[in-house]
2 protein chains.
Amino acid sequence: MSGEGQYYAAKEMLAEAGLHCTEPRLAVLSVLLAAERPLSKKQISERLDERINKVTIYRILAAFCEAQIVHKAFTQGRAAYYEPGHNCGAVQCHPHFTCTSCGDTHCFLGKTLPLVKAEAGFVIQRQQVRLEGLCPDCV
Amino acid sequence: MSGEGQYYAAKEMLAEAGLHCTEPRLAVLSVLLAAERPLSKKQISERLDERINKVTIYRILAAFCEAQIVHKAFTQGRAAYYEPGHNCGAVQCHPHFTCTSCGDTHCFLGKTLPLVKAEAGFVIQRQQVRLEGLCPDCV
DNA sequence: AAAATAATTGCAACTAAGTTGCATTTTTGT
DNA sequence: ACAAAAATGCAACTTAGTTGCAATTATTTT
Ligand SMILES: [Mn+2]
Ligand SMILES: [Mn+2]
Ligand SMILES: [Zn+2]
Ligand SMILES: [Zn+2]
């Protein structure tokens with residue numbers, strides 16, 4: 001299976017997050033951990049060995065976000081993309097670059113911008129930086 | 001009508017952009033110009049005096065984006081939000097703040113961040129900064 | 001000004017992402 | 001092994017957006 005190497009890491013993460021350890025949850029988390037970029041529900045499904053009902057996948061992702069082990073990195077088109085929360089600070093993770101030609105997304109680790117200074121009266125809880133352009137393959 | 005004061009400005013913008021000047025286009029652009037924040041198709045419809053078919057609204061927005069007089073500022077939930085391109089540089093406009101409590105969006109004009117330095121081989125064409133948190137009414 | 005041409009609009013039907021209610025199955029604790 | 005609680009699956013639904021095509025409106029040509 002695609003997320004094979006991440007299977008035991010996933011098991012530990014679920015336990016630590018206080019989430020029941022079920023097959024579908026292990027499978028989804030393994031896929032996310034094995035991916036080098038945020039994935040949509042569709043992409044997750046494609047990487048699963050045994051099919052999991054889409055409602056279940058959405059509920060698993062919601063539970064992961066609730067437990068803070070995963071977060072919505074961005075939405076592209078009309079789909080949300082999810083990634084594990086490691087590499088990510090409380091207020092922002094790294095910028096995400098999406099190629100306008102091939103559609104591929106890359107995590108720009110280490111390119112994090114400073115935080116916007118909030119206007120008077122506002123409290124900023126999350127900051128998200130999205131980039132669009134051409135990737136090396138498409139330039 | 002809501003966008004009344006913007007009606008003649010809209011007329012000029014269409015002419016300058018080389019777009020045919022039709023009633024639906026004038027109406028949609030007037031609404032966008034009168035708004036102080038990006039609007040979804042739904043919000044645009046609600047502010048129109050005479051109803052315009054939704055397909056037409058989407059096509060008008062696509063034409064405006066193509067002509068660069070409007071751009072997609074961000075997507076929230078599963079809907080895209082559009083705003084006129086004034087106040088906006090070629091690569092990025094200002095950050096957009098959305099309140100997690102009331103859902104309102106505010107343009108943080110004057111709070112623009114520096115551009116991410118592209119990783120080797122990448123060409124960045126657009127940068128977008130999204131903020132989430134609590135607005136003054138909801139703190 | 002009328003006709004021809006090109007662009008825009010509207011309608012119906014469709015797609016894709018995500019959600020809700022409820023019955024069934026799986027986990028967990030005893 | 002057994003009961004209670006939680007998670008899963010299915011069907012049906014909602015919402016945002018898209019596509020094909022016919023009808024309308026704007027522009028150009030005669
Ligand atoms: Mn990432
Ligand atoms: Mn804005
Ligand atoms: Zn590319
Ligand atoms: Zn608010």
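What follows is a chat between a visitor and a guide about this predicted model.

Visitor: Before we start, what pLDDT do local features need here, and how are residues numbered?

Guide: This is a predicted model in which local features need pLDDT of at least 70, side-chain atom pairs count only at pLDDT 80 or more, and totals for chains, interfaces and linings use all residues. Side-chain values use heavy atoms, with hydrogens and water left out, chains are lettered from A and ligands numbered from 1 in the order in which they are written, and residues are numbered from 1 along each chain as its sequence is written.

Visitor: Let's go to the metal. Which protein residues are the donors of the manganese ion (ligand 1)?

Guide: Donors are N, O and S atoms within 2.8 Å of the metal (3.2 Å for Na, K and Ca), and since water is not among the atoms, sites may look incomplete. The protein donors here lie 2.0 to 2.3 Å from the ion, and along the chain they follow the spacing E-x10-H-x1-H-x10-C. They are E83(A) through OE, H94(A) through NE2, H96(A) through NE2 and C107(A) through SG.

Visitor: How many residues apart in sequence are the parts that E83(A) and H96(A) tie together?

Guide: Helices (H or I, at least four residues) and strands (E, at least two) are DSSP runs, numbered from the N terminus. E83(A) sits in strand β3 (residues 79–84) of chain A and H96(A) in strand β4 (residues 96–99) of chain A, so the pair links parts that are 13 residues apart in sequence.

Visitor: Are E83(A) and H96(A) buried or exposed?

Guide: The cut-offs are under 20% relative accessible area for buried, over 50% for exposed, and partly exposed in between (1.4 Å probe, protein chains only). By that yardstick, E83(A) and H96(A) are both buried.

Visitor: Which residue in β5(A) does H96(A) stand opposite?

Guide: Two strands pair if DSSP finds at least two bridges between them. For β4(A) and β5(A) there are 3 bridges, and the strands run antiparallel. Within that pair, the residue opposite H96(A) is C107(A).

Visitor: Which strands stand at the edges of the sheet that holds β4(A) and β5(A)?

Guide: It's an open sheet of 6 strands with mixed pairing, in the order β5(A)-β4(A)-β6(A)-β5(B)-β3(B)-β4(B). Direction ignored, neighbouring strands are turned by 25° against each other on average. Two strands have a single partner each, so one side of each is left without a neighbour in the sheet: β5 of chain A and β4 (105–107) of chain B.

Visitor: Which residues of chain B does F122(A) touch?

Guide: F122(A) is in the loop between β5 (105–107) and β6 (123–134) of chain A, and at 12% relative accessibility it counts as buried. Contact means heavy atoms within 4.5 Å. Not counting residues up to four places away in sequence, F122(A) touches F97(B), H106(B), F108(B), L134(B), C135(B) and P136(B).

Visitor: What is the strand order in the sheet of 3 strands in chain A?

Guide: This open sheet has antiparallel pairing, and β1 (39–40) and β2 (70–76) are its edge strands, each pairing on one side only. β1(A) and β3(A) pair over 2 bridges, with L39(A) opposite Y82(A). The order is β1-β3-β2.

Visitor: At about what angle does helix α2 of chain A run to β3(A)?

Guide: Axes are lines fitted to C-alpha atoms, for helices over the stretch in contact, and angles run from 0 to 180 degrees between N-to-C directions. Helix α2 (residues 23–34) of chain A lies across β1, β2 and β3, and its angle to β3(A) is about 80°.

Visitor: And how do α2(A) and α4(A) pack, roughly parallel or roughly perpendicular?

Guide: Their axes are 10 Å apart at an angle of about 70°. Angles under 35 degrees count as roughly parallel, over 145 as roughly antiparallel, 65 to 115 as roughly perpendicular and the rest as oblique. That makes α2(A) and α4(A) roughly perpendicular.

Visitor: Is Q68(A) buried or exposed?

Guide: Q68(A) lies in the loop between α4 and β2 of chain A. Its phi is near 70°, a positive value in a residue other than glycine. With a relative accessible area of 67%, Q68(A) is exposed.
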